[in-house]
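Dear colleague,

I am passing on the structure we spoke about, with my notes underneath. Please read the notes with the structure open beside them.

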Amino acid sequence: MMLSLNDLTKRYGAERINVAIQPLYIADGEEPLDPSKYVINASINDPELWESLSNDEQNLLYTAHLDTLFDTKDLLNSLFDVNEPDGGFEIPD
Amino acid sequence: MQDVKNRASREQLAILRHLNKEAVRYIAFGDFALNGIDNSRTIGNVQLWIEPTPDNVERCNKAIKNMYGARSITQLPQSVVTNPEAKRTLTLGSGEVRVAVYPAISGFHPAEFKEVYQRSEKGRAYLPSQTGKLDGSVGYRQLNLNDLYHNVQESKSIHKAWNLETIERFATKNDLTLKKPDGSEITAQDKVSISSQTQRKRRTHDPRFEPNEAGFRFEIVLQHYGYQLDKKKSRLTMLGGCTKLESKAINNSSSSSRKDCGTKVLWT
């Protein structure tokens, strides 16, 4: 069964999930145009929820958290005019 | 314990693939390397320490050409070989998060690259997806835990304390002992002295910053923001033994101890 954010919302309540996915600011980026540094709020302010989630559930919540900061469609799908290599995906020893 | 996996954007993963394909020698450090041990951090820039040798710089430039096409003029200058400095030389990528290339990093001499590379760890970065599954992994090399700790410790990063704590927590959770580059153990005392360096120092008591009976001394605040008293156009008045400059606009206090003497103060 495909996991969705609705399942987590039903289980923990919309308010708790909404607070959980918010970005928690750590620091500015190194250079002026760099993105600031954040962690997912749940990891600090709701560790009970964060630690109880499975890997897939954590990743789902994490993607929802990314959505609060970035255009995830751009970040995760679009490659603009970039060529991806055939093979060569691993590091040489 | 949750299985920690590093994440990156699609473009960052593609750049790493191209670097791997051309066998570029690099080591990830900084926040990206920390993301490999802390799964709660948001995707940010990937920071890479590139071996500053002519061959490696050439391979890196070939990877950039493969990535962005032959017409791309972006390249790593050969000058980094003779003059490697611990500052960003090149930023790759056009998205919101990018790949930053450094010929040197805090805590290590550029000539130490070979040794640090040999003891570096392999990591994997994935693309997060809307379903919670991770996709399209890429292998990369990152500083080992001890070197990463040393690098953060020597860096001037403002979230140094946060990063050190992340590594310490990871080491405790996995029953690992952190070591200095010379092989000696990092003691609890070292940790305390490091964190005390990164803590904000308490301001010493300065009576000028004490609030007055009205709540605040506005002249100090105005001076702090660069305003200067226009002495020609202002009159000074003595209240309670100390000089106070008050403008009519600011002085709304109804305190009986205070007299409005028609004080006129102008700030320029």
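What follows concerns one helix of chain B and its packing.

This is a predicted model, in which local features need pLDDT of at least 70 and side-chain atom pairs count only at pLDDT 80 or more, while totals for chains, interfaces and linings use all residues. Residues are numbered from 1 along each chain as its sequence is written, and chains are lettered from A and ligands numbered from 1 in the order in which they are written.

Helix α7 of chain B (residues 160-173) has 14 residues and reaches 20 Å from its first C-alpha to its last, close to the 20 Å expected at 1.5 Å a residue; helices here are DSSP runs of H or I with at least four residues, numbered from the N terminus. Within α7(B), N163(B), T166(B) and I167(B) are buried (20 or more other C-beta atoms within 10 Å of their own, against 12 or fewer for exposed, with C-beta atoms placed from the backbone). These residues cover an arc of only 90° around the axis, which puts them on the same side of α7(B). The face turned away from that buried side carries the exposed residues R169(B), T172(B) and K173(B).

The axes of α6(B) and α7(B), as lines fitted to C-alpha atoms over the stretch in contact, come within 9 Å and cross at roughly 160°. That makes α6(B) roughly antiparallel to α7(B), a word used for angles over 145 degrees.

Just after α7(B), D175(B) takes a positive phi of about 60°.

Best regards

Notes. Helices (H or I, at least four residues) and strands (E, at least two) are DSSP runs, numbered from the N terminus. The expected span of a helix is 1.5 Å times one less than its number of residues. The arc is that of the directions from the helix axis to the C-beta atoms. Axes are lines fitted to C-alpha atoms, for helices over the stretch in contact, and angles run from 0 to 180 degrees between N-to-C directions. Angles under 35 degrees count as roughly parallel, over 145 as roughly antiparallel, 65 to 115 as roughly perpendicular and the rest as oblique.
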